[in-house]
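Grab a viewer and work through the exercises below. Each one sets a task and then walks through a solution.

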Amino acid sequence: MTASPKTRKRVLSGMRPTGKLHLGNYVGALQNWVGMQDQYECYFCVVDWHALTTDDADTSRVKENSLEVAFDWLAAGLDPEKSVLFLQSHVPAHAELHLLLSMITPLGWLERVPTYKEQRENIKDKDLGTYGFLGYPVLQAADILIYKADCVPVGEDQVAHVELTREIARRFNGFYGQVFPEPQTLLTPAAKLPGTDGRKMSKSYGNTIMLADPEPVVRQKLKTMVTDPARVRRTDPGNPDVCPVGDLHKIFSSKETIAKVDTGCRSAGIGCIECKSWAADALVQLLNPIQERRKKFETNPRLAWDILEAGSERARKTTGETMKDVRASMGMSLEYEAPGKS
Ligand code: SF4
């Protein structure tokens, strides 16, 4: 780290260990994190305990998937010299604070969390009727508050969780005295990133372009990508504003290419095959240097592991300080106090 914690606002964010990351993860979070590193004191966490809130029965791939995430983080430009990169499960204070916060969090607050209701209704192949799943936003609150984070970069769908964290912080501070700042939301600009079938890019839809996909795979995926459904024949004019390939251009292509696509598509001056090849060019240009950097960690995974270990050590120090404040405020410090003195 190059600056003292006092000089910069502190940011905490995490990602589940889902294995290799896709372009949606990059545009929705990672790219933004990389850009924040010089401005904020950043803690970025692979939230491996969170994986257990929905996949508690099979933990066999959690470690390997955590490493894959770390490869992509490092390849995309997260820098352990600037940011603390660590594993949640290697910092036990997250669990200790989670326990304490769970004591003061009313059940009704958790049952009202929109993602709780949504996921219980939509995910039928997993048993989400667990204490851990209901309490997952409390664990998330602990992840944030244990660093006394000033800001949390999130997408729209996570805003309610940060609000809940603020409520929990207020309740704790109200009971035991001022310990936690109320973290602010840093809304990640939400670029619309479609998958190859036009729906939101997601592993569960099988429509992803991965950061680690080699050039031929990227080009093949682009070839099969859906387009403006109104453009059936080559001679039909199309509309890039309703075409998923048009959305990719808006995010990844140069201004000149975007203009060329707009005119060419609307006048049927270009074909979709040509247009898709330009989108593939832009993606390959973005992904090549990322994949080049990734190779170093793929061939020597220990490098990434050591970075996570060193980051976890730093995180344990920071969280140790917070837990001292927490225990003291609750009258439960580890120091001896003579009976009747409090
Ligand atoms: S030319 Fe490009 S933007 Fe237009 S419909 Fe075809 S793929 Fe989509």
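**Exercise 1: a lysine with unusual phi**

Place lysine 148 in the fold and describe its backbone and exposure.

Solution. Start with location: lysine 148 sits in the loop between helix H8 (136-145) and strand E4 (151-154). Helices (H or I, at least four residues) and strands (E, at least two) are DSSP runs, numbered from the N terminus. A housekeeping note: this is a predicted model, where local features need pLDDT of at least 70 and side-chain atom pairs count only at pLDDT 80 or more, while totals for chains, interfaces and linings use all residues. Residues are numbered from 1 along each chain as its sequence is written, and side-chain values use heavy atoms, with hydrogens and water left out.

Next, the backbone: phi of lysine 148 is near 50 degrees, a positive value in a residue other than glycine. For context, most residues other than glycine have a negative phi. Last, exposure: lysine 148 counts as partly exposed, at 24% relative accessibility. Buried means under 20% relative accessible area, exposed over 50%, and partly exposed in between (1.4 Å probe, protein chains only).

**Exercise 2: a second positive phi**

Is alanine 268 buried or exposed?

Solution. First find alanine 268 in the loop between H12 and H13. Its phi is near 60 degrees, again positive in a residue other than glycine. Then check the area: alanine 268 has a relative accessible area of 15%, so it is buried.

**Exercise 3: the ligand shell**

Which residues surround the ligand?

Solution. Begin with the space itself: the ligand takes up the largest cavity. On a 1 Å grid over the protein atoms alone, a cavity is a set of points where a 1.4 Å probe fits but cannot get out, and a molecule sits in one if more than half of its atoms lie within 2 Å of its grid points.

Now list the shell (a heavy atom within 4 Å of the ligand): Thr227, Asp228, Arg231, Pro240, Cys243, Val245, Val261, Cys265, Cys272 and Cys275. Sorted by class, that gives seven nonpolar, one polar and two charged residues. Here Ala, Val, Leu, Ile, Met, Phe, Trp, Tyr, Cys and Pro count as nonpolar, Asp, Glu, Lys and Arg as charged, and the others, Gly among them, as polar. Finally, helix H12 (255-266) and H13 each supply at least two shell residues.

**Exercise 4: two residues of H11**

What do proline 244 and histidine 249 touch?

Solution. Take proline 244, found in helix H11 (residues 244-252). With a relative accessible area of 9%, proline 244 is buried. Skipping residues up to four places away in sequence, proline 244 is in contact (heavy atoms within 4.5 Å) with Pro194, Gly198, Met225, Val226 and Thr227.

Histidine 249 lies in H11 too and is buried, at 1% relative accessibility. Beyond its neighbours within four places, histidine 249 contacts Thr257, Ile258, Val261, Cys275, Trp278 and Ala279.

**Exercise 5: the largest core**

Which members of the largest nonpolar core touch the most other members?

Solution. Define the object: a nonpolar core is a set of buried Ala, Val, Leu, Ile, Met, Phe, Trp, Tyr and Cys residues joined through side-chain atoms within 4.5 Å. Among the 52 residues of the largest one, Leu23, Leu30, Trp73 and Leu222 touch the most other members. Helix H13 (residues 272-299) gives this core its largest share, 10 residues. A second, separate core has 40 residues, including Val47, Ile104, Leu164 and Phe172.

Notes: 1 Å grid on protein atoms, 1.4 Å probe; cavity = no way out; pocket = protein on both sides within 12 Å on 5 of 7 lines; lining within 4 Å.
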